[in-house]
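Reader: I would like a close look at a single part of this model, the packing of its interior. Please take the helix contacts and the cysteines along with it.

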Amino acid sequence: MSLAAAQALQSLYDTYDMNKHTQDDSGQAAGLQATPNEHFDVLIVGAGISGIAGAYHLRQECPDSSFVLLESEASFGGTWWTHRSPGIRSDSDLHTFGYSFKPWVGPPIATAEEILSYMGEVIEENILAQHIRYRHKIIKAEWSEINSQWTVNAVCTETDETTRISANFLWMCQGYYRHNEGYTPEWDGMDDYQGQIAHPENWPDDIDYAGKNVVVIGSGATSATVVPAMAKSAAHVTMLQRTPTFFRTGRNAIDIAEQLRKLRVDESWVHEITRRQIMSDQSFFTERCLTEPETVADELIVNIRNLLGPNYNVDKHFTPPYRPWRQRIAFVPDADLFKAIATEQASVVTDEIDRFIETGILLKSGDTLEADIVVTATGFNMNIMGDIAFAIDGKPLDFHETVTYRGMMFTGVPNLAWVFGYFRGSWTIRSELIAGFVCRMLNHMRKTGAKSVQPGLRSEDTNMPLFDWMDDEDFNPNYLKRAVSILPRRGDKREWRHTQDHWNEIKEFPAIDLEGEEFVYRRDTRSDLAAE
């Protein structure tokens with residue numbers, strides 16, 4: 001572990017030192033060793049798309065399990081609740097970003113409002129609201145080997161009161177970045193700038209960009225959403241990028257779904273067939289990006305040329321120096337970003353920032369961009385495990401010292417599952433795959449009397465080389481590079497990697513042998529089972 005990572009981990013842990021206990025008004029020690037207020041079989045962290053999926057599958061597949069879902073925000077939705085920037089929408093289709101068990105019937109690329117409405121219906125239809133507690137921010141979590149359970153301290157942000165909850169199993173569905181703290185580099189001269197600076201993750205309610213000159217820094221999916229939305233009323237919007245990005249465009253519609261609806265096929269069938277078609281297409285496209293990257297790059301770039309015309313400098317502004325899918329490819333519905341550029345409501349500048357000045361940004365080329373408002377669509381800060389101070393029997397837990405099991409569990413960490421979705425497919429597909437695995441594991445543990453389970457390297461893995469969590473040659477966005485020191489490590493076998501291969505994982509996950517050598521169980525004694 002790097003010195004910086006070690007210091008960050010110790011700082012987080014020291015803030016909520018689990019070995020220091022003060023006295024509350026009753027004289028009881030306040031801390032994880034105090035008696036929990038409540039106990040549940042399962043505690044789910046986060047009420048975003050993954051947490052709601054987990055709650056649904058628990059109710060369906062583990063009906064006898066008690067559970068609670070803790071959410072730090074005032075409502076469900078995760079990204080779709082916290083992000084308020086102009087034009088906020090999905091960059092994955094809702095047939096696959098939506099749930100397998102509830103058909104999506106609207107346009108495939110949906111607004112935040114539409115996604116929240118859909119999630120609200122899922123919560124209502126499946127009676128999940130009674131299990132969710134909002135404004136509960138988990139500060140620390142400790143595993144007790146003796147008790148075979150987790151105990152968490154959660155602060156109610158409305159009252160500032162701390163509650164302690166124990167659970168047999170901890171299910172981390174909180175996402176992978178800080179929702180209210182976007183990443184903004186520190187550029188020289190930012191204090192000199194007289195205009196307004198806004199980040200999409202901290203969007204001001206009172207910002208007025210009508211008739212203003214706006215510079216949006218960045219060229220990812222967020223910029224592709226914000227630029228055309230702001231261009232409708234701003235005087236002009238400039239997308240300032242250091243490096244070009246690959247984009248795909250198309251109608252905000254799915255041909256096969258439209259055809260099936262014309263044939264009056266039931267919506268549940270439309271949903272499932274469309275999902276399978278999209279997943280198959282995504283898998284095929286990803287494979288092509290790996291096996292014939294130059295051909296795919298040419299196809300993507302030719303599409304942009306056709307949209308912007310022969311006189312536009314596509315080579316400079318839309319020809320990335322890396323192969324397709326080494327970084328995320330944003331989908332632009334109805335090509336609205338490129339329509340804004342073609343009509344000169346928006347423009348693209350490819351350059352680097354030298355410094356901010358009073359009236360805008362000075363570029364390293366010597367050019368100046370005048371700006372009333374600067375939007376820093378420069379990414380986010382990963383937090384991996386919700387900025388929670390984890391410990392096992394009082395010892396701080398460093399996840400970078402663990403090895404990931406299929407990107408959802410960690411060696412040496414009992415009774416904990418982590419949801420991390422796909423980069424090249426919809427997040428929800430993997431959320432539900434993991435939900436199915438967790439529920440199957442919980443039922444298996446109950447049936448066999450297991451108190452805890454953790455993944456462990458098998459005898460055949462003894463000399464397996466270990467690497468950083470993500471292969472830099474495969475996928476290397478900057479937010480992942482910044483977080484390497486807090487991510488688990490991976491091996492060179494499928495069991496010890498997050499493969500990003502959804503087409504094969506949908507077959508592999510249901511077939512995982514729960515009595516395989518990679519699972520280390522602690523089970524009840526025979527007399528304990530007899531007593532039950």
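Author: A nonpolar core here is a set of buried Ala, Val, Leu, Ile, Met, Phe, Trp, Tyr and Cys residues joined through side-chain atoms within 4.5 Å. Buried means under 20% relative accessible area. The model is predicted.

The largest nonpolar core has 138 residues, and the members that touch the most others are Leu-43, Ile-52, Leu-170, Trp-171, Phe-338, Phe-390 and Phe-437. Helix α12, residues 427-448, supplies the largest share of this core, with eleven residues. Apart from it there is a second, separate core of 14 residues, among them Ile-217, Ile-353, Ile-361 and Leu-369.

Helix α12 also packs against helix α2, residues 49-61, at an angle of about 35°, and the two axes are 9 Å apart. The crossing of α2 and α12 is right-handed. On the α2 side, the contact is formed by Ile-49, Ser-50, Ala-53, Gly-54, His-57, Leu-58 and Glu-61. On the α12 side, the partners are Trp-427, Thr-428, Ser-431, Glu-432, Ala-435, Gly-436, Cys-439, Leu-442 and Asn-443. By class, the contact of α2 with α12 comprises seven nonpolar, seven polar and two charged residues.

One residue of that contact, Cys-439, leads to the matter of disulfides. A disulfide is a covalent bond between the sulfur atoms of two cysteines. The structure holds zero of them. For Cys-439, the closest cysteine sulfur is that of Cys-62, at 4.0 Å, which is too far for a bond because the cut-off for a disulfide is 2.5 Å. Cys-439 has a relative accessible area of 0%, so this residue counts as buried.

Another cysteine, Cys-289, is also at 0% relative accessibility and therefore counts as buried. Cys-289 belongs to a second helix contact, that of α8 with α9. Helix α8 spans residues 267-291 and helix α9 residues 293-308; they pack at an angle of about 115°, with axes 5 Å apart. Besides Cys-289, α8 contributes Phe-285, Arg-288, Leu-290 and Thr-291, while α9 contributes Pro-293, Thr-295, Val-296, Glu-299 and Leu-300. The residues of this contact divide into six nonpolar, two polar and two charged.

Two loop residues complete the picture. Gln-500, in the loop between α13 and α14, has a positive phi near 65° although it is not a glycine. With a relative accessible area of 7%, Gln-500 is buried. Glu-344 likewise has a phi near 65° and sits in the loop between α11 and β15, but Glu-344 is exposed, at 64% relative accessibility.

Methods. Residues are numbered from 1 along each chain as its sequence is written. This is a predicted model: local features need pLDDT of at least 70, side-chain atom pairs count only at pLDDT 80 or more; totals for chains, interfaces and linings use all residues. Side-chain values use heavy atoms; hydrogens and water are left out. Axes are lines fitted to C-alpha atoms, for helices over the stretch in contact, and angles run from 0 to 180 degrees between N-to-C directions. Helices (H or I, at least four residues) and strands (E, at least two) are DSSP runs, numbered from the N terminus. Contact means heavy atoms within 4.5 Å. Ala, Val, Leu, Ile, Met, Phe, Trp, Tyr, Cys and Pro count as nonpolar, Asp, Glu, Lys and Arg as charged, and the others, Gly among them, as polar. Buried means under 20% relative accessible area, exposed over 50%, partly exposed in between (1.4 Å probe, protein chains only). A crossing is left-handed if the near helix is turned anticlockwise from the far one by less than a right angle, and right-handed if clockwise.
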